[in-house]
Amino acid sequence: MIKLQLFANDVEKVKGTQIIYLYRLLSEKSKEDATHIAFSEENELSMKRDADTTQTKDGPIRTPGTPELEINAKSILAKGDTIVDKLKQALLSGEIVEVWRVNLAEEGTEANVGKYKATYYQANVTEFTETSNAEDATEVELTFGVQGNGADGYATVSDAQKEAASYVYKDTTKETA
C-alpha cells in the first residue's frame with residue numbers, strides 16, 4: 001500500500017496567492033509595464049482539445065483538434081482601476097492583450113535570478129461581465145481567448161507588482177526611498 005499522506009506532507013504546495021496574472025495592451029508594450037487587476041478573487045486557466053472520431057472496420061480512430069486555452073479573471077471592481085476600463089475597451093475594439101501567468105513560488109536560478117516562472121500569452125478579451133447587487137461589492141469577470149499555446153519563461157516582477165498582488169510585510173519604522 002502506498003502512503004499518500006506521507007508524500008503529501010513532503011511536497012510544498014503552491015498557494016493561490018502565489019499565482020498572479022499581469023496584463024497589458026499589446027499596443028502599450030513600449031509605454032507601460034504590465035499590471036494586475038485590483039482585488040483579484042480568482043483566476044482560472046483552462047485548456048481543452050476536442051477530437052473527432054472516425055469509425056473504421058478496425059475500430060474508432062481519434063484525430064485531435066487544435067488546443068483551446070482560456071483565462072478567466074474575477075475581481076472586485078476598484079474605484080479608479082484603469083486596467084479594467086482598458087480591458088473592456090479591448091473587447092469592444094478587438095485589441096490584443098498580453099497576459100502573464102506568474103508563479104511567485106518558483107524563483108529563477110542562474111540566468112533567471114530575480115525572475116519568476118511564467119507563461120506569456122497573447123489573447124483577446126472575449127467576455128466582460130459586471131455584477132452589482134444591493135448587498136455586495138461590484139464584481140467584474142473577464143474571459144480571455146488565448147491565441148496559440150503561450151510561451152514559457154521567466155518574468156520580472158517588480159516589488160510594486162508583488163505588493164499590489166498581495167500584501168507584503170512592512171516594518172513599523174518609517175520607510176526610506
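**Salt bridges and sheet architecture in the predicted model**

At a relative accessibility of 40%, Lys117 counts as partly exposed in the model, which is a predicted one. Glu106 is likewise partly exposed, with a relative accessible area of 34%. These two residues form a salt bridge in which the closest N and O atoms are 3.7 Å apart. The pair links distant parts of the chain, since Lys117 is in strand E7 and Glu106 is in strand E6, with their positions eleven residues apart in the numbering. Side chains of opposite charge can pair when their charged atoms come close.

The setting of this pair is best described through the fold as a whole. The secondary structure of the protein consists of three helices and eight strands, and these elements follow one another along the sequence in the pattern α-β-β-β-β-β-α-β-β-β-α. Of the 177 residues in the protein, 27% are buried, and the accessible surface comes to about 12600 Å², with 49% of that area belonging to carbon and sulfur atoms. Among the contacts with a separation of 6 or more, 64% are made by residues that lie 24 or more positions apart.

Six of the strands form an open sheet, in which the order is E1-E6-E7-E8-E5-E2 and the pairing is antiparallel. Strand E1 (residues 19-25) and strand E2 (residues 40-48) are the edge strands, each of them pairing on one side only. From one strand to the next, the twist averages 30°. At the E1 edge, the antiparallel pairing with strand E6 (residues 96-107) extends over seven bridges, and within this pairing Tyr21 has Arg101 of E6 as its bridge partner. Helix H2 (residues 82-93) packs on the sheet, where it touches E1, E6, strand E7 (115-131) and strand E8 (139-156), and the direction of the helix makes about 70° with that of E7.

The structure holds four salt bridges in total. One of them involves helix H2: Glu28 and Lys86 form a salt bridge whose closest N and O atoms are 3.0 Å apart. This pair also links distant parts of the chain, with Glu28 in the loop between E1 and E2 and Lys86 in helix H2, 58 residues apart. The two partners fall into separate accessibility classes, as Glu28, at 16% relative accessibility, counts as buried, whereas Lys86, with a relative accessible area of 25%, is partly exposed. The cut-off behind this assignment is that buried means under 20% relative accessible area, and therefore the 16% of Glu28 places that residue in the buried class.

A further salt bridge, at 4.0 Å from N to O, brings together the side chains of Lys74 and Glu139. Here, too, distant parts of the chain are linked, since Lys74 is in strand E5 and Glu139 is in strand E8, 65 residues apart. Both residues are described as partly exposed, Lys74 with a relative accessible area of 25% and Glu139 at a relative accessibility of 23%.

Strand E5 (residues 68-76) also contains Asn72, whose side chain is joined to that of Thr143 by a polar contact of 2.8 Å. When neighbours within four places in sequence are left aside, Asn72 is in contact with Glu42, Asn43, Glu44, Leu142 and Thr143. Three of the named partners, Glu42, Asn43 and Glu44, fall within the residue range 40-48 of the edge strand E2.

Note on methods: Residues are numbered from 1 along each chain as its sequence is written. This is a predicted model: local features need pLDDT of at least 70, side-chain atom pairs count only at pLDDT 80 or more; totals for chains, interfaces and linings use all residues. Side-chain values use heavy atoms; hydrogens and water are left out. Helices (H or I, at least four residues) and strands (E, at least two) are DSSP runs, numbered from the N terminus. Buried means under 20% relative accessible area, exposed over 50%, partly exposed in between (1.4 Å probe, protein chains only). Contact means heavy atoms within 4.5 Å. Accessible areas come from the Shrake-Rupley method with a 1.4 Å probe; for residues, only the protein chains shown count as cover. A polar contact is a pair of N or O atoms within 3.5 Å; within protein, one must be able to donate a hydrogen and the other to accept it, and residues adjacent in sequence count only if both atoms are side-chain atoms. Two strands pair if DSSP finds at least two bridges between them. Axes are lines fitted to C-alpha atoms, for helices over the stretch in contact, and angles run from 0 to 180 degrees between N-to-C directions.
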